[in-house]
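Please take the structure below and follow it in two steps, beginning with the way its parts meet and ending with the surroundings of a single residue.

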Amino acid sequence: MMLKNLSNTLTVFFFVLVSIAAFGQNVDKDIHTDIQKHTEEIFDSLVEIRRDLHRYPEVGGTEQRTSQKITEYLKSLGLEVKTNIGGYGIVGILEGAKPGKKIAWRADIDAMPSKAPDVVDFESKHEGVRHICGHDVHTAIALGIANVLTAQQENLEGTVYFVFQPSEENIKGALAMMDDGLFDIIDPEELYAMHVTPFPAGTIAAKAEEMFSDYKRIDLTFKKTEKEVALFEFVKNKILSLENVASDSKFWNMQNMGDPEIGIAGPKSIYNNYTTVDKNNFSIKETENGTRISGYLSFSDKQQRDSAIPRLKMQIGQSRYANELLKAELVNVFPTLDNNKGLVDESLEQLSGIYGKNRVLRLHGVVADGRSDDFAFFQPKVPSVYFFMGGSNYEKGIIAQTHSPNFAVDESCIKTGVNLFSSLIVERLKR
Ligand SMILES: [Zn+2]
Ligand SMILES: [Zn+2]
């Protein structure tokens with residue numbers, strides 16, 4: 001998960017979600033019962049794998065050891081394994097006994113630079129590098145799913161691809177894997193992934209389309225002028241006017257994000273239809289082509305994102321700077337995550353049918369956070385869903401606040417991930 005701003009705001013609101021996340025009743029359904037039994041059997045070994053990866057974290061582009069461990073594990077399961085795709089990217093291929101659909105599961109594997117001391121007793125042995133975005137957990141879960149589904153090979157109709165992606169944090173890995181022919185090697189009809197979040201362990205969550213109001217930059221280039229100060233103030237105010245959150249809105253009270261009614265998982269979510277402007281992040285720069293003024297914004301949805309530039313152009317067109325504007329563009333700082341609506345609806349329905357509605361949350365709002373995930377680069381190629389998965393345990397003081405120095409997870413979430421997402425893949429293959 002890439003992160004730009006406002007990261008700590010999440011912590012508070014996810015506290016409130018704990019109240020709506022009791023464990024559901026498992027439905028006793030043959031293959032899903034087998035999945036849960038098998039997950040239970042391998043759980044301790046998956047925790048060991050996670051802790052090993054945690055001890056030896058590797059930042060994007062250097063995931064040699066991590067990649068080797070993944071390859072060894074997949075080969076030990078008997079899977080066909082392709083390595084060194086877009087750097088240290090790996091694909092494991094599991095052919096079911098019968099022909100059918102092709103489904104891919106993606107896990108990111110890289111760690112992050114961090115000098116803060118580790119909070120667990122299996123601390124990082126690589127100085128200045130830590131798994132504080134949970135990709136060690138993601139990797140262990142993906143290996144667990146591969147193990148569980150391999151045991152179900154005789155019952156599987158179709159093919160499952162396990163994609164282990166390097167370099168997520170630097171936004172390079174997804175593109176690198178595709179540039180290196182990922183979708184020539186595999187041709188999935190659906191693609192899934194998840195990320196650990198501060199939700200309570202035991203839960204997963206998703207929504208259609210945007211999951212993050214990722215950071216965008218607006219660049220407005222004007223003819224060179226003597227009156228830069230006035231132009232800068234004018235443009236800054238026009239960008240600020242795009243903000244679409246009432247100043248007295250409860251939006252800014254982050255505790256409301258976890259509110260069961262108006263929070264992001266609430267049916268009356270107020271975290272929709274908003275645009276926020278980073279008030280402390282404007283710049284002016286002389287370029288070869290003119291004077292460029294930039295500002296940073298986050299949008300909850302496509303409509304507001306798409307209307308930002310036309311609105312600015314119209315306002316500037318009606319001003320004394322009408323003939324000075326040379327270029328106006330919205331630049332992706334991060335790619336925009338965009339979940340397939342049909343797949344979100346079906347996935348949440350299938351999973352809540354098996355694991356209970358209180359473990360499978362439908363989000364109604366978008367986190368006002370500025371971050372994203374380079375999984376977004378895969379999404380235009382294959383219909384896909386990116387899930388949030390809870391990693392916190394508030395009673396134990398474990399808060400899975402990604403990128404925070406105190407990031408930790410309740411390792412029971414590994415079980416949740418393997419169970420729910422193995423079941424999901426089995427159900428998706430059937431359709
Ligand atoms: Zn991440
Ligand atoms: Zn991250």
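About 1700 Å² of area is buried between domain 1 and domain 2 in this predicted model, and carbon and sulfur atoms give 64% of that area. The size of an interface is often given in this way, as the accessible area lost when the parts come together. The two partners are domain 1, which is made up of residues 9-210 together with 337-430, and domain 2, which covers residues 213-332. To the contact between them, domain 1 brings 19 residues and domain 2 brings 23 residues. The C-alpha centres of domain 1 and domain 2, for their part, are 33 Å apart.

Turning to the polar side of this interface, one finds 12 residue pairs in polar contact between domain 1 and domain 2, counted where both residues have pLDDT 80 or more. On the side of domain 1 that touches domain 2, the elements that supply two or more residues are helix H1 (9-17) and strand S14 (367-370), and it is H1 that gives the largest share, with 5 residues. Sorted by character, the residues on that side of domain 1 comprise 10 nonpolar, 5 polar and 4 charged ones.

How many salt bridges does the rule find across the interface of domain 1 and domain 2? The count across this interface is 1 salt bridge. As for salt bridges between named side chains, Arg305 and Glu210 form one, with a distance of 3.1 Å from N to O.

The second step leads to Glu58, which sits in the loop between helix H2 (30-55) and helix H3 (64-76). Is this residue, Glu58, buried or exposed? Because its relative accessible area is 9%, and buried means under 20%, Glu58 counts as buried.

What, then, surrounds Glu58 once its neighbours within four places in sequence are left aside? Its contacts are Glu63, Gln64, Arg65, Thr66, Asp110, Ala111, His126 and Val129. Two of these residues also take part in polar interactions with the side chain of Glu58: the backbone nitrogen of Arg65 is reached at 3.0 Å, while the side chain of Thr66 is joined to that of Glu58 by a polar contact of 2.5 Å. A further view of the fold around this loop residue comes from His131, which is 73 residues away from Glu58 in sequence, although the C-alpha atoms of the two are 8.3 Å apart in space.

Note on methods: Residues numbered from 1 in each chain as written. Chains lettered and ligands numbered in written order. Predicted model: local features only at pLDDT ≥ 70, side-chain atom pairs only at ≥ 80, totals over all residues. Heavy atoms only, no water. Domains from an automatic or database assignment. Contact = heavy atoms within 4.5 Å. Buried area = accessible area lost by both parts, 1.4 Å probe. Salt bridge = Lys/Arg side-chain N within 4 Å of Asp/Glu carboxyl O. Polar contact = N/O pair within 3.5 Å; in protein donor to acceptor, adjacent residues only side chain to side chain. Helix = DSSP H or I, 4+ residues; strand = E, 2+ residues; numbered from the N terminus. Nonpolar A, V, L, I, M, F, W, Y, C, P; charged D, E, K, R; others polar. Buried < 20%, exposed > 50% of the residue type's maximum accessible area, 1.4 Å probe, protein only.
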